[in-house]
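Good morning, colleagues. Please take a moment with the sequence and the structure before I go through selected features.

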Amino acid sequence: MNPLLYTDGYKLDHRRQYPEGTTLVYSNWTPRKSRIEGVEEVVFFGLQYFIKKYIIRDFQQNFFDQPKEVVCARYSRRVNNYLGPNQVGIKHIEDLHDLGYIPMVFKALPEGVSVPIRVPMFTMYNTLSEFFWLTNYFETLLSAEVWLPCNSATIAKQYRKILDHYAAETSSVPEFVDWQGHDFSMRGMAGLEASLISSAAHLLSFTGSDTIPAIDFLEEYYGANSDEELVGGSVAATEHSVMSMGTLNAEEETFRRLITEVYPGGIVSIVSDTWDLWKVLTEYLPKLKEEVLARDGRVVVRPDSGDPVDIICGDPDSYNENVRKGVIQLLWDTFGGTVNDKGYKELDPHIGAIYGDSITLQRAMNICERLKKNGFASTNVVLGIGSFTYQYNTRDTFGFAMKATYGEVNGEGREIFKDPITDDGTKKSAKGLIKIEEQDGGYVLVDQVNWEEEARGALVEVYRDGNLLVDQKLSEIRERVKA
């Protein structure tokens, strides 16, 4: 499809609605409000992907490389069928095709940094006066592609903070946190592209992921190389169909076959609640204790139903002894382990647990806190983070918006802004040209500056007139997220 049609219908004729003599439109992308308690900074991620995929590749392949008469005929057909015969015109589309590139500048903060609410992450403006209409024409496509990776990168970082905190307090292997937050979200996201950009964002903070194509995404758009660095990985794992096919009456034998024959070594994760989790933990695994301990690797028990906090850590109010103990205590009862220098119990390295259903930030914290209270290291369990975390968010989670704050008409600059009287202040925009200053390790917005001041801020040109000027690597972005 002609990428100029990746837009909202009302954008089509804004070109004629600007004042006569408009030559420049200058806009910014800003998270305006947080709807996640305690989160007042948003991780910036995804613009480089947007520029490479859409501004450069898609426009080249599906617009500039196509015959002008074909592109323009298709554009006219779609617009006229959609709006009816009108005066939108086609010459501005023909002129852009003749130009052969997108005449824009993008200036951005480094991807991976945390940006305070109400501080712009990047700005954009046209470089040729006749294409002033392009700046905000891109708002729809840009917004559709960039809010999700920012959201998911921010939420993943919150998981990382929680898990790092408890690992520092209770674990002898805090580096295991790289694997402790494992991405299970692919099947629950709103399509493949949403899955890719969200799962790539997850991999800024963790290395565990079951979303294979996210690795290719990071290699293509962020210079990763899975031959030379750990981009993402996972382990062998079963699903319910595998366990069910083994039949209820032979579930113990299914465990035995998987542990001793199919995977005699390495890590294998086995779904354990197809029928009776507590029977698996108190009957089958004790019988297989010698086989488990003889393996060169780890058997990971995976419950998949119920309240994850109670299942993993035990429900102190239950009358059932097994339910009261929970998965980690029952595994300790059978396989034992060690008490680390911090005074917390760590399971024998041949056995472990993962829980991947309906995990949230609050539940992750509750699991770690209750394990600590029970005397166990937080790293005894891996958490599968799925679409219950990453899909239950919108552009409004952090109030993302692209707004114009400056323009030029007949050679004169105009500082523009919005400040609705009926709003609570969320939608109040910056005014005029802006720059971002670094102060005390963070970023501060300064608006109503001149062009000379605008050039000196923390925003750096990453794209100009068809050329990507900064090509950031996954390794660099990960370092910024951790910092």
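I begin with a lysine and two aromatic rings. Lys 345 lies over the face of Trp 332, at 5.4 Å from the ring centre. The charged end of Lys 345 also sits over the ring of Phe 376, 4.4 Å from the centre of that ring. The criterion for a charge over a ring is that NZ of Lys or CZ of Arg is within 6 Å of the ring centre and within 35 degrees of the ring normal.

A word on provenance. This is a predicted model, in which local features need pLDDT of at least 70 and side-chain atom pairs count only at pLDDT 80 or more, while totals for chains, interfaces and linings use all residues. Residues are numbered from 1 along each chain as its sequence is written, and side-chain values use heavy atoms, with hydrogens and water left out.

Trp 332 leads us to helix α15, residues 321-335. Helices here are DSSP runs of H or I with at least four residues, strands are runs of E with at least two, and both are numbered from the N terminus. The end C-alpha atoms of α15, a helix of 15 residues, are only 18 Å apart, whereas a straight helix would reach 21 Å at 1.5 Å a residue. That expected span is 1.5 Å times one less than the number of residues. Centred on Val 327, α15 has a kink of about 90°. The bend at a residue is the angle between axes fitted to the seven residues ending there and the seven starting there. Val 327 and Trp 332 are among the buried residues of α15, as are Ile 328, Leu 330 and Phe 335. Buried means under 20% relative accessible area, exposed means over 50%, and partly exposed lies in between, with a 1.4 Å probe and protein chains only.

Helix α2, residues 47-64, may be treated in a similar manner. Its end C-alpha atoms span only 22 Å, against 26 Å for a straight helix of 18 residues. α2 bends by about 40° at Asp 58. The helix is mostly covered, with 13 of its 18 residues buried.

I turn to the aromatic residues. How many aromatic pairs does the count come to? The total is 27. Rings of Phe, Tyr and Trp (its six-membered ring) pair if their centres lie within 6.5 Å; planes under 30 degrees apart count as stacked, over 60 as edge-to-face and the rest as tilted. Phe 106 and Phe 122 form a tilted pair, 6.3 Å centre to centre with 50° between the planes. Phe 106 belongs to strand β3 (residues 104-108) and Phe 122 to strand β5 (residues 122-126), so the pair ties together parts that are 16 residues apart in sequence. Both Phe 106 and Phe 122 are buried. Elsewhere, ring pairs link a cluster that includes Tyr 6, Phe 45, Tyr 49, Phe 50 and Tyr 54, together with Phe 217, Tyr 221 and Tyr 222.

Next, the cysteines. A search of the whole structure finds zero disulfides, a disulfide being a pair of cysteine sulfur atoms within 2.5 Å. Why does Cys 313 form no bond with Cys 368? Cys 368 holds the closest cysteine sulfur to that of Cys 313, but the distance of 8.2 Å is too far for a bond. Cys 313 is buried at 4% relative accessibility, and Cys 368 is buried at 1%.

Two backbone angles deserve mention. Asp 440, a residue other than glycine, has a positive phi near 50°. Asp 440 lies in the loop between β17 (433-439) and β18 (442-449) and is exposed, at 86% relative accessibility. Gln 448 likewise has a positive phi, near 55°. Gln 448 lies in strand β18 and is partly exposed, with a relative accessible area of 43%.

Finally, the chain as a whole. It has 19 helices and 20 strands, and its C-alpha atoms fill a box of roughly 85 × 50 × 45 Å along the principal axes. Of the 483 residues, 53% are buried. An unreviewed UniProt entry places the feature "domain: Nicotinate/nicotinamide phosphoribosyltransferase" at residues 181-434. UniProt positions are given in the numbering used here, feature names are shortened, and annotations may be inferred rather than shown by experiment. Residues 181-434 are 37% helix and 19% strand, with end C-alpha atoms 37 Å apart.
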